Every structure is written in C-alpha cells, then in structure tokens.
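Trainee: I'd like to take a close look at one part of this model, the backbone around a single residue. Could you walk me through it?

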Amino acid sequence: MKRFKILRNVLLATIASSSLLNIAHADDALKMELTANQVIKNAEGKTVYTPVRTAPAGTVIQYKANYTNTINKDINDLMVTLPIPANMTFTGDAMPASAQASTDGKNYADMPLMRKVDGKMVKIPYSEYRTLRWNIKLLPAKKSAAVALNTTVN
Amino acid sequence: MKSNTFNYSLLAIGVAAVMGLSTGAMASITSGPTTNSTTSAINNVATASYNVAGVTQPTATSNIVTVNVSETANFILYATNGNSATDDKNENIATIPGATATFNHILINEGNVSDTYNINTTANNDANIETATPTQGYAHPANTDVAFIIRQKGGAALTADQANALQALGQAQSGNLTGGANTTTRNIKLLPGLQAALSYTSLTPTGRTGGDIAVGTLTATSSFITTATTTGTKVPTLVNENQTIVRLPTFSIVKTGASSVDLTATTPQIAYTITVTNANTDYSADATDFVIRDVLPAGLSLPNNATTDVTVSGGAGTPRISTISGRRAIDVPVANLPVGESRTITFTVNVDKAQFTGANSSVTNNVAVYDKFVGAVGTLSDTPTVGTDYDILDNTLTPAPGSETTRVPAAADLSGGTGVDSAATTTFTRRSLTLVKATTRDIAPTTSTTNTDGQVTHVATITNLGQDVEGDTNNPLTLTFTDGTNAAVDPVTTQFFLIYTPPNPDGTPGSTPSAPLAVTPTKSGNVYTINSSVLPGGIAPNGKLEVRYNMASTSAVVGSTENTTVRLAAAGTNPPTIPTITDVTNVRGLTLVKSQALDAACNADASAATFVQTAIDNAKPDQCVIYRIQATNTSSAIQTADPAAASGFNITGLTISDLLSNFSAGATYVPNTAASTATNNSSIGAAAVSTSAITATMSSTDVLAPQGVASLTFKVKIKNAR
C-alpha cells in the first residue's frame, strides 16, 4: 500500500511541475526575479531543483531571488528581503548563509535567533522565522546575484 | 499458522489493490490518502532596498510566485497486541477477574499535513472485525481515558524541530485523552510522519468466569478527512477491536479407591488415588500455587499420620498433614500445573471397623482444590475464606455445595464436561453366614409317596452373622443338596420349606418365625438347587433361615444309609465361604432272627436256655429243641437332647409266625410251650397255636418301640422211630 501512495505523490508532483511559469518583474535599476522550486534529492543523492506550482504539504520549496543591476552604476547597500510565507516553515537553509532573520519583519538579527526563556538563552524555532534579509554592500553595474531560502510546506 | 495467516493477508491486499477495490479489513488499518480538492495558495514576493550613488532608491519588488499546496491526509491505526502487531485487532488478550487488561494501538500520520484525531473507546462489537465468537459477557469501557506518547513513526524520539512543531500546535508529547465521546479533549494532533502510541485499560469484573469474552473498540477520526472536500471515498474513522478472554484453569478432580472393602479383614485398608488435571479448554490457563485438600472422613486414618504416608507424582508437591474437627486432612500445595497436565496423589488409609457397622455402610471421600487468581494459596485454615484464602474452590462433592466456586462455565463441571469431578465411594461388607447343623434321621424302608407318612425331615439353619443383608440381589445365596448314592432314599422335591425368623426391631436375633415357605428346588441329576431369589428381602443381619426338606424311601434296604450334602454358596461382593454339612438318612426297620437251644431232658424253661443260630449236632430222638423268633425294631432310640440326632419310630401291626410244617416231619410241638414277650415298652399279643402255625400278633394298641424286641418261643420234641 505504501508503494502506491508514493507513486501517487510522484504523479502529483509531476503534474504540478509541468505547468510552471514565472514571469519576471522589471524595475528601473534593480530587476528582481523570484522563483519557487521544489527541492528534491534524486536517486544519486544529488539535490535537484524542480520548478513548482503545486506541492503537497511537507514539500521543501526553495525561494530564490535573482537580482540584477540593470544600470551602469554600482548599487550599494542593497537589502534583499525575502519573506517566509504563512503555512511554510523555514528549514534553516539560507544562501548565502549571511542572512539575518526576523520573527516580526522589523527587527533582524544574525541566525540563529535567540531569546531568553527562564533566564536562559534558547534558540527560536524556525517555525517562528518570518523574514530573511541579506545586506549586500555592492552590486556592480550590470551584475547579477541571487539569494535563496528553503521552506517546508506545512 | 501465524505465517500462513500473514501470507493470506498479503495476498488479499494484493488482490484488492490490483482490482482497485477497498476492503473492509483495509479500512480498519489505514484510511488511505484523502487529498483536499480545494488547494490553498501560498504567495511570496521579494523586496529590496538599495542606494545608487548614495541616493536611496524606491524599493524594488519582485514578481509574485505562487505555490498551490496539495494537502493529503492519510493515517494508520494498528492494534499491536494479539496475533499481529499490524492488524486491526487485539484478540485473545488474557485476563483474570479483578485484573486490568491493557490494549495498545499505534496511530500514524502517513499524510503530508498535520492532522487532528479524535480518539474514542466504545463498548461495541465491530461487525467488520472478527476476533472471537463472543458470548459477550461484558464490554470494555466506552469513553475511557487513553494514554498517548508521541514519537516519530517507527518509535524513534522526536527531533527538536518536531518537538517544537508539536509545541507550536499546542500538542503535548504524552498524556491522557479524557472526556466524553467525541469531545475535543480526546483530540490528538500529529505532524506528518509522527505516531502516537495509544493505550487504555479495561478492568475485568471480579465476578467473571473462565471463558467470558469481552470486546470493545478504539476509534480514531481524522478531522482533516472528515472536513476534506474530495470526490473520492473518504475513510475518516478507523476502528480497532479489542477482545479479552478470561483465562482460568479448569480442574478435573478424579478420586478413585476400592469400590468395596471386606471388614472381616484384620486391618481393612483403602488405597486412594487423587488425580487433578488442568483440563485443556478454550480458556485454559496454567494453574499455579494451588492446594489440593483431602479431609478424610471419620473412621479413616493414615497408618503413620505422617507425610510419608502420602506420595505425590507428576511433579513436585510436599504434603502437609493436619487435623480438622478430629479428621485427618492432607493438603498438597502445587506450584505449577500446566494446561493438560496432571498431578497424582496416592495414599492408603486404615479403616476403623467399629465406625462402619451398619448394613450397606459406605464411605465417600471427597477432595477439593483451592486456587487464587493472583498469588499463592497459603497454608489453609480449617475453614478457608473465599476472597481471602482462595478465589476458586472446586470439589468432588455431589451435588456441588453452595460454597463451590469453580469460576468456569457450569457445564464444564457437570457430567460430560472437561472439568467433571468424581469422588471415591467405598462400600463396606462384613459378611458372615453359618449353616448348622447336620442332622441324622431314621427312615423306614418304604415311605408313602402320596403324603409325608414315613418321610423324615432334615433341618438346617442359616444364620446371618454379618452386617449386610444376605440373599438379596446384591448378595445372592444358593443352596444345593447333593443326594448320595442310595437310589432308594431321595429328597422329596415337594417337601422343601424355608422358615424365616427376622431379627427384632433393635437388631437382636428374633424369635418369631414366619410361616414355612414352600419352595421347589431345581433338580438336576442328584443335585437339588434353591436360589435365594425366592426370598423376598433376603436375610437381614441376625436373621435366621431354617431350611427343611423331607427324605422318602422306596424298598430301601434296612441298614443302608444315604448321605445328603448341603452346601450354602454366597455370591456378590466379598462372599464368605460356608462349610458344608452332610445330613445322614439311615434306613431302619424290622429284623427277624430265629435261634434254637437243645433241651435234652425236655424240661428246660425257655428263658434260661442258651440259643444259638448255628446248627446243633448230636441231638437225639426224644430230646427237645426250643425255638425263639425275635423281631427287632432297629430304629434309633427316642431321644430329645439333640434335635439333630436320629429318633426312631414305632412298628405296628406285627405278626410273628412259624409254620408247623417247618418241623412236623421230624418233630412235634410240645403243647403249651408257645409264648411271646416284648421289651422296651413294646407289646405283642399272646402266642397262639393253630393246626398249621404258631403265631404272636399285635393288637391295634401294641407297638414295637425303637430298639424294642418282640419274641415268640416254643418247644418241639424230636420224633423217635421216624
């Protein structure tokens, strides 16, 4: 019976990924393109990213923001903010790992986030992470870069 | 058998899957996937702030990406006890009265969404789940507390994230689900891939008996599946059934001993064997730490009053000897008696004869088994208390007393049941018969054949000196009369009589005989047989039975004898041997002797003469010869001292006669010499002489008494010149 269930899930995933389509959104100096990919480890143990539009709960989704400096000047003090949607839980994987996190979208701190409970500093569960932010000092003219985070569908 | 069942299940599942069917059995273990057709969309957008040449630019916003989440619920509910840990039933869970049975289940969230499950227990017997064929004595509790412990599927401890996620859901990792049916307090939330070990208990009522079966169910209802929108088949609720059976040993107690014991033995004994078997039943259980108790009936004792008098076989067991109300008691503790096995106890007791003196007295020796549901039956008191000293009491008493509490179905302890018990009953016999005594009778050579005239009667007496009735169905007697070789003297078949003298009401020998009972013996050759079946009721202890029979004669030789052997044979249980007696019938009657004496001078008196039966030589003419004719009654002298001894009879109508022609050729009668005499109270008429004979004749009043002699004498003179 378990075998049948797996088969069915794979089928669902295939249908979902086949209809993937993301349209880029342009901005004046900085163009940002956000994609959502399902993170799957293939048979060889390699992680592959498959575009996703429909996913079952538990699926690990990677949100990846590509940003491009479209002008001929450097961009400074770039702060890319990528929310973790409701009904999703941050897995702790952020690329690059220099991201700061926030549980309220206002106050950011380096990961892992900590708080004091009963006089002891404890880690805040990833499920409470709501936003990640990357501070990039310099994005040279006509250059692109990307940030990404992984989440799990609740 | 277990592997076969498992393979069969796999086969069934395989077939069902290929055919695209869902089966009832499957439905009880797994819900199968249910995917909500209304997916929820998760949108995301990235933003960025930046400076160009030191000037802050408007915030850049990315495109929106949307992930539509497909939510699939799927869960499994296993009953982990019983034959299989992955089926839908906890079957044949053994329990005992007063104990709690625990049912374990595993609830697994196989879906991809966290789900909330409402856990209930019911007293239902689920129609789709076959556990046993319940004669459902009671039900497991509905809405009882269910303990839970949440782990990863497979049982591993939760990861920190899982623990945190559970906490975020407000779900404790362990605890109790309580409250009424379907209430939210009975909810448990599981993340995908987690399982909850569920368990609850059912108290077996103390009044339950072996074989009682109870069922109930545990149900888990997925809230996600309940509310899911789907066109497929939804299985929101899974059911597991829990079935217990009260397992208790069924004791079969069989006691055997001698069916009868002869109390005429010097030291009568009874050898007993007690066999206690833990019978194999549908609800059987090993019996542990129970006690077999035999309280000997009054009148029975152990030869040495020691444990060495008792032998236990089939396993360990050290007997204890005690005294209860003056009776010897044997207790044998048994530590373990597996199902189907037996423990055997043997011992021999002495019988106090003085305590079993009644007719048909008997003794029944019973045995009891005391057992507890839990723990050992300790050293039993004289009067053990149910609930304290024991829970199970099975004994061999018939009918079963109210105190008996076998705790198995009543039929098991009745005839034909696996636990039927039987006591040992021994009947006592003390049989003693005498047959006295041989009688001697005188009989005339010929007796009447049409009536009893002249017949003689032998009398023998049978006395019952034992304590049991003799001559009844149980203790039949046979009298045989074996007649001797004298063909002229025989028993008269129409003249056999039995005269019974019953004992007095107080049991002492009686003195009032009943009327003679005529019986006709069965004659075979010279053997005459009387069976005691002719005796209604037989001969009571201290009763007497007089046996009379007549002998008749036909032209028997005087002086001959007939011996008739009387034999009394006893049958039945422990019959005594009775010496035979031999009755003697002597043929007696008249003897006639003629003798003579020479009277040379012809002047002698007959009374002084010397008579001889031999020839007289040298007698001369003119000498005289005196003749004497003696008729003797040879029968025995009348006596009264011993009825068994013979008393003779009188002879009447006797005429002694001598013809003159016997001697007239050579001698002549001397006139006036004829005379008659008689002795022994006998008499005969005077001698008379006719022309042809000399006679002496009895009158109607004359008798020749036993041993009496009637004589006729006369004198003749020898002729001269013959």
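Where does Ser555(B) lie in chain B?

Mentor: Keep in mind that this is a predicted model. Ser555(B) sits in a loop of chain B, with strand S38 (544-553) on one side and strand S39 (561-570) on the other. Look at its backbone: phi is positive, about 50 degrees, although the residue is not a glycine. As for its surroundings, 8 other C-beta atoms lie within 10 Å of Ser555(B). A residue with 12 or fewer counts as exposed, so Ser555(B) is exposed.

Now set that beside Asn360(B), another residue that is not a glycine but has a positive phi, in this case about 55 degrees. Asn360(B) is in a chain B loop too, the one between strand S25 (342-351) and strand S26 (362-365). Because Asn360(B) has 13 C-beta neighbours inside 10 Å, it counts as partly exposed.

While you're browsing backbones, have a look at the cis peptide bonds as well. In chain B, one runs from Thr398(B) to Pro399(B), with omega near -10 degrees. You'll find Pro399(B) in the loop that links strand S28 (392-395) to strand S29 (424-429). Over in chain A, Met111(A) and Pro112(A) are joined by a cis peptide bond with omega of about -5 degrees. Pro112(A) belongs to the loop between strand S8 (109-110) and strand S9 (114-117).

How values were computed
Residues numbered from 1 in each chain as written. Chains lettered and ligands numbered in written order. Predicted model: local features only at pLDDT ≥ 70, side-chain atom pairs only at ≥ 80, totals over all residues. Helix = DSSP H or I, 4+ residues; strand = E, 2+ residues; numbered from the N terminus. Buried ≥ 20, exposed ≤ 12 C-beta atoms within 10 Å, placed from the backbone.
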